[in-house]
Amino acid sequence: QVQLVESGGGLVQAGESLRLSCAASGRTFRQDAMAWFRQAPGKEREFVAGIRWIGNMTTYSDSVKGRFTISTDNTKNTLYLQMNSLKPEDTAVYFCAAGRGGGGTEAKYDSWGQGTQVTVSS
């Protein structure tokens with residue numbers, strides 16, 4: 001089992017930036033991919049960005065492409081999400097996830113963090 005702890009959420013104004021972190025511990029060697037998902041009030045959880053540990057291959061949803069950057073620090077077992085040019089529609093609880101295979105399908109991720117709130121005011 002992998003334990004994931006997110007941090008870095010908060011309240012910002014539109015156009016500002018935030019960086020989310022996700023610290024992984026436990027059986028991380030069993031996972032080869034990590035991702036960020038988000039869930040806005042009254043909506044389904046959706047894929048935001050994903051990365052493979054080997055090769056650092058990344059994927060993004062169309063709604064964040066060009067504004068968000070996913071990255072990892074393998075020495076610290078930490079996942080990051082740099083969010084620039086934030087918009088009110090980015091307001092959501094952001095979750096990090098770990099799994100095998102990568103991509104935007106929730107079923108590929110079997111470890112989840114508790115989530116961190118990001119609120120963007122207009």
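**Exercise 1. Are Asp90 and Arg67 buried or exposed?** Determine also how the two residues are connected, and which further residues join them.

*Solution.* The model is predicted, and every value below is computed from it.

Step 1. Asp90 and Arg67 are both buried. For Asp90 the relative accessible area is 1%, and buried means under 20%.

Step 2. A salt bridge connects the side chains of Asp90 and Arg67, with an N to O distance of 2.8 Å. This pair links distant parts of the chain: Asp90 belongs to the loop between E8 and E9, Arg67 belongs to the loop between E6 and E7, and the two are 23 residues apart.

Step 3. Salt bridges with shared partners combine Arg38, Glu46, Arg67 and Asp90 into one network.

**Exercise 2. Examine the salt bridge between Arg38 and Asp90, and state which parts of the chain it ties together.**

*Solution.*

Step 1. In the salt bridge of Arg38 with Asp90, the closest N and O atoms are 2.9 Å apart. The cut-off is 4 Å, so the pair qualifies.

Step 2. Arg38 lies in strand E4 (residues 33-39), while Asp90 lies in the loop between E8 and strand E9 (92-99); the pair therefore ties together parts that are 52 residues apart in sequence.

Step 3. Arg38 has a relative accessible area of 5% and is therefore buried.

**Exercise 3. How many salt bridges does the structure contain?** Describe the one formed by Lys65.

*Solution.*

Step 1. The count comes to six salt bridges.

Step 2. One of the salt bridges joins Lys65 to Asp62, with 3.3 Å between the closest N and O atoms.

Step 3. Asp62 has a relative accessible area of 68% and is exposed. Asp90, by contrast, is buried at 1%.

**Exercise 4. Describe the surroundings of Glu6, given that this residue is buried and has no salt bridge.**

*Solution.*

Step 1. Glu6 is located in strand E1 (residues 2-7).

Step 2. The nearest side chain of opposite charge is that of Arg45, at 7.8 Å. A salt bridge requires a distance within 4 Å, so Arg45 does not provide one for Glu6.

Step 3. Next, consider the backbone. The side chain of Glu6 reaches the backbone nitrogen of Cys96 at 2.9 Å. It also reaches the backbone nitrogen of Gln114, at 3.0 Å.

Step 4. Leaving aside residues up to four places away in sequence, Glu6 touches a set of residues including Ser21, Cys22, Trp36, Tyr94 and Phe95. Cys96 and Gln114 are also among the residues that Glu6 touches.

**Exercise 5. In which order do the strands of the four-stranded open sheet stand?** Identify the edges and the bridges within the sheet.

*Solution.*

Step 1. The order is E1-E3-E8-E7, and the pairing is antiparallel.

Step 2. E1 and strand E7 (68-73) have a single partner strand each; they stand at the edges, so one side of each lacks a neighbour in the sheet.

Step 3. From one strand to the next, the twist averages 20°.

Step 4. E1 and strand E3 (residues 18-26) run antiparallel and are joined by six bridges. Val5 has Ala23 in E3 as its bridge partner, and Leu4 stands opposite Ala24 in E3.

Step 5. Six bridges likewise connect E3 with strand E8 (residues 78-83), again antiparallel. Here the bridge partner of Arg19 is Gln82 in E8.

**Exercise 6. Locate Thr59 and determine its exposure and contacts.**

*Solution.*

Step 1. Thr59 is placed in strand E6 (residues 58-60).

Step 2. Its relative accessible area is 38%, so Thr59 is partly exposed.

Step 3. Beyond residues up to four places away in sequence, Thr59 touches Phe47, Val48, Ala49 and Gly50.

Step 4. Between Thr59 and Ala35, the separation is 24 residues in sequence and 9.1 Å in space, C-alpha to C-alpha.

**Exercise 7. Describe the phi angle and the setting of Asn77 and of Ser85.**

*Solution.*

Step 1. Asn77 has a phi near 50°, which is a positive value in a residue other than glycine. Ser85 also has a positive phi near 50°.

Step 2. Asn77 is in the loop between E7 and E8, and Ser85 is in the loop between E8 and E9.

Step 3. Asn77 is partly exposed at 26% relative accessible area, and Ser85 is partly exposed at 41%.

Terms used. Residues are numbered from 1 along each chain as its sequence is written. This is a predicted model: local features need pLDDT of at least 70, side-chain atom pairs count only at pLDDT 80 or more; totals for chains, interfaces and linings use all residues. Side-chain values use heavy atoms; hydrogens and water are left out. Buried means under 20% relative accessible area, exposed over 50%, partly exposed in between (1.4 Å probe, protein chains only). Lys and Arg count as positive and Asp and Glu as negative; His and the chain ends are not counted. A polar contact is a pair of N or O atoms within 3.5 Å; within protein, one must be able to donate a hydrogen and the other to accept it, and residues adjacent in sequence count only if both atoms are side-chain atoms. Contact means heavy atoms within 4.5 Å. Two strands pair if DSSP finds at least two bridges between them. Axes are lines fitted to C-alpha atoms, for helices over the stretch in contact, and angles run from 0 to 180 degrees between N-to-C directions.
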